[in-house]
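User: I am new to this structure and would like to learn how to read it step by step. Could you take me through it one feature at a time?

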Amino acid sequence: MTSLIHEDTVFVSDKVNQEEIFKEIASKLLDKDLVTEDYIDHLIEREENYPTALPLSPINPLLPNIAIPHTESEFVKDTRIVPVKLKHPVMFKNMILPDEDVDVSFLFMILNNDEKEQAGLLQNVMDFINRQDSNELIDFFNLNDPQKIYDFLKQQF
């Protein structure tokens, strides 16, 4: 699974809204030739139509909420999971209850150039979260250093 997470695409963002975060990360992914020029527009549109926030409070009330943004494979040139720690919680819509707002503190952005793998990549993220000790997961989500985030994921993902 560690082949899905790459050291050069682990980010920490201090942006304060969804669109700014998406533009910041999309720009970095475009610079690395991992996405197409159209990626950002489709990522924003897909998030509006198919929200991706997941509250983690059912696992442990101390855990922050996450989101798993992604878009269609035609706008992506590689398959990987791009972790993004948010320095400020940002409002996303709940994946299961789309009318509900959720403050999100961590993104697992999915790049998937093979549409058939989408459900498997979502499952990989959920399996990672469910396998971790709650206290270790809380410590992980509090990390603010991309290298430490990567090191943890390299060992645990």
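User: Which strands and helices do the buried residues of helix 1 pack against?

Analyst: Please keep in mind that this is a predicted model. The buried residues of helix 1 pack against strand 1 (11-13), helix 2 (39-49), strand 4 (80-93) and strand 5 (101-111). The residues in question are Q18, I21, F22, E24, I25, A26 and L29, which are buried in helix 1. Helix 1 lies across strand 1, strand 4 and strand 5, and with respect to strand 4 it runs at about 160°.

User: How many residues does helix 1 have, and what distance does it reach from its first C-alpha to its last?

Analyst: Helix 1, which covers residues 18-31, has 14 residues and reaches 20 Å between those two atoms, close to the 20 Å expected at 1.5 Å a residue. At its start, a side-chain oxygen of N17 comes to within 3.1 Å of the backbone nitrogen of E19.

User: Which residue follows helix 1, and what is its phi?

Analyst: Helix 1 is followed by D33, whose phi is positive, near 60°. D33 has this positive value although it is not a glycine, and D33 is found in the loop between helix 1 and helix 2.

User: Why does D33 count as partly exposed?

Analyst: The class rests on relative accessible area, where partly exposed lies between the 20% limit for buried and the 50% limit for exposed. D33 has 47% relative accessibility, and therefore counts as partly exposed.

User: What is the order of the strands in the sheet, and which are the edge strands?

Analyst: Strands of a sheet pair through backbone hydrogen bonds, either parallel or antiparallel. Here, an open sheet of 5 strands has the order 1-4-5-3-2, with mixed pairing. The edge strands are strand 1 and strand 2 (53-54), each of which pairs on one side only.

User: How many bridges join strand 1 to strand 4, and how many join strand 4 to strand 5?

Analyst: Strand 1 and strand 4 run parallel and are joined by 3 bridges, and within strand 4 the bridge partner of V12 is K85. Strand 4 and strand 5 pair in the antiparallel sense over 10 bridges. Examples of bridge partners in strand 5 are V102 for F92 and I110 for I81.

User: In which sense do strand 3 and strand 5 pair, parallel or antiparallel?

Analyst: Strand 3 (65-67) and strand 5 pair in the parallel sense, over 3 bridges. One residue to look at here is N65, whose bridge partner in strand 5 is V104.

User: Is V104 buried or exposed, and why?

Analyst: V104 lies in strand 5, and because its relative accessibility is 0%, V104 counts as buried. Leaving aside neighbours within four places in sequence, V104 is in contact with A53, N65, I66, A67, L86, H88, P89, V90 and F92. Burial can also be read for the strand as a whole, since strand 5 is mostly covered, with 9 of its 11 residues buried. As a distance to try in the viewer, the C-alpha atoms of V104 and N94, 10 residues apart along the chain, are separated by 9.8 Å.

User: Which residues of helix 3 are buried, and which are exposed on the other side?

Analyst: In helix 3, the buried residues are Q118, L121, N124, V125, F128 and I129. They cover an arc of only 130° around the axis, so they lie on the same side of helix 3. On the other side of helix 3, A119 and N130 are exposed.

User: What covers the buried residues of helix 3?

Analyst: The cover includes strand 3, strand 4, strand 5, helix 4 and helix 5 (146-156). Helix 4, made up of residues 134-141, lies across strand 3, strand 4 and strand 5, and runs at about 85° to strand 5.

Definitions and conventions:
Residues are numbered from 1 along each chain as its sequence is written. This is a predicted model: local features need pLDDT of at least 70, side-chain atom pairs count only at pLDDT 80 or more; totals for chains, interfaces and linings use all residues. Side-chain values use heavy atoms; hydrogens and water are left out. Helices (H or I, at least four residues) and strands (E, at least two) are DSSP runs, numbered from the N terminus. The expected span of a helix is 1.5 Å times one less than its number of residues. Buried means under 20% relative accessible area, exposed over 50%, partly exposed in between (1.4 Å probe, protein chains only). Contact means heavy atoms within 4.5 Å. A polar contact is a pair of N or O atoms within 3.5 Å; within protein, one must be able to donate a hydrogen and the other to accept it, and residues adjacent in sequence count only if both atoms are side-chain atoms. Two strands pair if DSSP finds at least two bridges between them. Axes are lines fitted to C-alpha atoms, for helices over the stretch in contact, and angles run from 0 to 180 degrees between N-to-C directions. The arc is that of the directions from the helix axis to the C-beta atoms.
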